[in-house]
Amino acid sequence: MIALLKNKIKDSGFLNNLKPMDYNVKTSEDLKQELIKVFKHKVFSTKENNHCIIKFHFVLSEFKNEDEDFIKEAVYLVNRQIRKSDKIFKIGEGDFVILLPNTYFNETESVIRRVKKIILDFAIKNQKEINIYFKMFRFTPFTNEDELLRKLFSKKFQEEKF
């Protein structure tokens, strides 16, 4: 099954075309524009002003060139399992963000559990040793977007203890 998936990726380039996933590295300004698009409902109502962001980072025990394909496939599998309104972006080497519009902060934990299970199951099938680190952020009408972007693009993310 995995060999078939790898062949499809090589033959058709379907990974970037099947679902709206932007796998390009984003600058903080690009991500700011995406935040505005995805979280455009900055109105004061019960759920409309609750948006969340998940940042996750892959750490592979021994990174090889073929591990880039592994990461792409894992992110593709995650992208298939999130809601259509959610968006996933690559923002750095092994760093990704998922924008979750109209999501309460406590609902984000279940999304993280699901994402972690998908990635770890895929790693086990591919016999990869991997660690994934997650951080959750809330986005409301009161959020300072520039401060949030600084946190999202911070290199300290990999160094912090969880």
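How many bridges join β2 to β4, and in which sense do these strands run? The legends below answer this and describe further views of a predicted model.

**Figure 1. Overview of the protein chain in the predicted model.** The protein chain contains six helices and five strands. Read from the N terminus, the order of its elements is α-β-α-β-α-β-β-α-β-α-α. Of the 162 residues in the protein chain, 43% are buried. For contacts between residues at least 6 apart in sequence, 74% join residues that are at least 24 apart. The exposed area of the protein chain is about 9500 Å², and 50% of it is supplied by carbon and sulfur atoms.

**Figure 2. Strand β2 and its pairing with β4 and β5.** Six bridges join β2 to β4, and the two strands run antiparallel. One position in this pairing is I54, whose bridge partner in β4 is I98. β2 also pairs with β5 in the antiparallel sense, over ten bridges. Here H51 has F139 of β5 as its bridge partner. Nine of the ten residues of β2 are buried, so the strand is largely enclosed by the rest of the structure. In a regular strand, side chains alternate between the two faces of the sheet.

**Figure 3. The largest nonpolar core, with 25 residues.** The residues that touch the most other members of this core are I54, F56, F58, V78, I98, I119 and I130. Two or more core residues are given by each of β2 (51–60), α3 (67–81), β4 (95–100), α4 (105–125) and β5 (130–139). Helix α4 provides the largest share, seven residues.

**Figure 4. Surroundings of I130, and a second core.** Leaving out residues up to four places away in sequence, I130 touches F58, V59, L60, F70, I119, L120 and A123. A second core, separate from the largest one, has 14 residues. Among them are I91, V97, L149 and L152.

**Figure 5. Helix α4 and its two sides.** The 21 residues of α4 should span 30 Å at 1.5 Å a residue, and the C-alpha atoms at its ends are 31 Å apart, which agrees. The buried residues in α4 are T108, V111, I112, V115, I118, I119, F122 and A123. These residues lie on the same side of α4, because they cover an arc of only 130° around the axis. N106, R113, K117, I124 and K125, on the other side of α4, are exposed. The packing partners of the buried residues of α4 are β2, α3, β4 and β5. After α4 comes Q127, which has a positive phi, near 55°.

**Figure 6. V38 in helix α2.** Helix α2 covers residues 28–38, and V38 is part of it. Is V38 buried or exposed? V38 has a relative accessible area of 13%, and is therefore buried, the cut-off for buried being under 20%. When neighbours within four places in sequence are set aside, V38 is in contact with S85, K87, L99 and P101. V38 and L100 are 62 residues apart in sequence, while their C-alpha atoms are 8.2 Å apart in space.

Note on methods. Residues numbered from 1 in each chain as written. Predicted model: local features only at pLDDT ≥ 70, side-chain atom pairs only at ≥ 80, totals over all residues. Heavy atoms only, no water. Helix = DSSP H or I, 4+ residues; strand = E, 2+ residues; numbered from the N terminus. Buried < 20%, exposed > 50% of the residue type's maximum accessible area, 1.4 Å probe, protein only. Contact = heavy atoms within 4.5 Å. Areas by Shrake-Rupley, 256 points an atom, 1.4 Å probe, with all protein chains shown as cover. Core = buried A, V, L, I, M, F, W, Y, C linked by side-chain atoms within 4.5 Å. Expected span 1.5 Å × (residues − 1). Arc of directions from axis to C-beta. Pairing = 2+ DSSP bridges.
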